[in-house]
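Welcome! Let us look at a structure together and ask how its labels are earned.

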Amino acid sequence: MEATEIRKLAALEDTHWWYRERRVLLARALRRLAAAGQRPERALDIGAAGGGNTRVLRAHGWRPIALEYSAEGAGVAAERGLDVLRADARFLPLPSASLGLVVAFDILEHIDEDHLAAAEIARTLRPGGTALIAVPCDMRLWSAHDVAVGHVRRYDRASLTALLEKAGLVVDELWSWNVLLRPVAAWRRRNSTGSDLDELPGVVNLGLRAIITAERYLPVKSLPGVSLMLRAHRPAEG
């Protein structure tokens with residue numbers, strides 16, 4: 001992602017409906033891990049950009065590292081007081097089995113060799129550790145937005161599952177997100193000439209936030225959406 005897009009994301013993520021809801025979903029996932037007995041420990045937020053998700057991890061007791069490939073992204077995270085590591089997700093400079101949690105929201109689609117990044121996620125997780133992944137889905141939604149933000153691909157359920165399983169992870173849950181707004185996204189993408197990362201009028205942002213909030217409580221996770229979300233774990237050795 002270009003430096004201008006990273007700065008734009010950092011400026012938008014505190015208020016924009018899309019980023020706010022992603023943080024809510026991450027917080028819910030962390031509470032479920034806690035309820036299942038997984039205690040907070042060292043975590044890695046790959047592609048942290050402005051650090052919104054890293055701050056959620058920290059607020060829930062985890063000891064997160066914000067990982068960024070670009071100097072611009074690492075600089076933004078450091079400005080916000082986060083523990084930052086500048087590195088390539090394909091070659092993580094971390095010991096094997098050293099993490100209890102890896103979060104990679106909207107990262108894999110930027111990497112040509114996504115299998116290398118998936119393998120590194122599996123390697124650095126301890127046995128029993130959790131990976132939380134989010135990616136854009138469905139190549140039918142491919143548009144100028146994907147090009148502008150540096151996407152290489154969009155995934156489907158089969159390709160995402162195969163990627164993580166080949167890396168050695170066990171997929172526990174896979175679901176669609178941003179289902180209700182998919183028709184709006186599809187229409188906008190057909191008419192887009194660049195990135196969708198724009199500040200919205202307050203009333204529009206509030207309306208979209210209400211719709212995406214309602215999705216939490218509706219049985220739509222198996223329907224086509226704009227994104228896929230996945231929870232997986234590294235199995236015990238042997």
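The questions below concern a predicted model.

Q: Why is valine 147 called exposed?
A: Exposed means over 50% relative accessible area. Valine 147 has 56% relative accessibility, so it counts as exposed. This residue sits in helix H6, residues 144-148, and belongs to a nonpolar surface patch with Met139 and Trp142. Together the three have about 290 Å² of accessible area.

Q: What makes the contact of arginine 55 and aspartate 14 a salt bridge?
A: The rule asks for a side-chain nitrogen of Lys or Arg within 4 Å of a carboxyl oxygen of Asp or Glu. Here the N to O distance is 3.3 Å, so the pair fits the rule. Arginine 55 lies in helix H3 and aspartate 14 in the loop between helix H1 and H2, so the bridge ties together parts that are 41 residues apart in sequence.

Q: Why is arginine 55 called partly exposed?
A: Partly exposed covers what lies between buried, under 20%, and exposed, over 50%. Arginine 55 has a relative accessible area of 27%, so it is partly exposed.

Q: How do you know that arginine 42 and aspartate 83 form a salt bridge?
A: Their closest N and O atoms are 3.9 Å apart, and the cut-off is within 4 Å, so the pair counts. Arginine 42 is in strand E1, and aspartate 83 is in the loop between helix H4 and strand E3.

Q: Which residues of helix H3 are buried?
A: They are Gly52, Asn53, Thr54, Val56 and Leu57. The buried residues of H3 pack against helix H2 and strands E1, E2 and E4.

Technical notes. Residues numbered from 1 in each chain as written. Predicted model: local features only at pLDDT ≥ 70, side-chain atom pairs only at ≥ 80, totals over all residues. Heavy atoms only, no water. Patch = residues over 30% accessible without salt bridge, like charges linked within 9 Å, V, L, I, M, F, W, Y side chains within 5 Å. Areas by Shrake-Rupley, 256 points an atom, 1.4 Å probe, with all protein chains shown as cover. Helix = DSSP H or I, 4+ residues; strand = E, 2+ residues; numbered from the N terminus. Buried < 20%, exposed > 50% of the residue type's maximum accessible area, 1.4 Å probe, protein only. Contact = heavy atoms within 4.5 Å.
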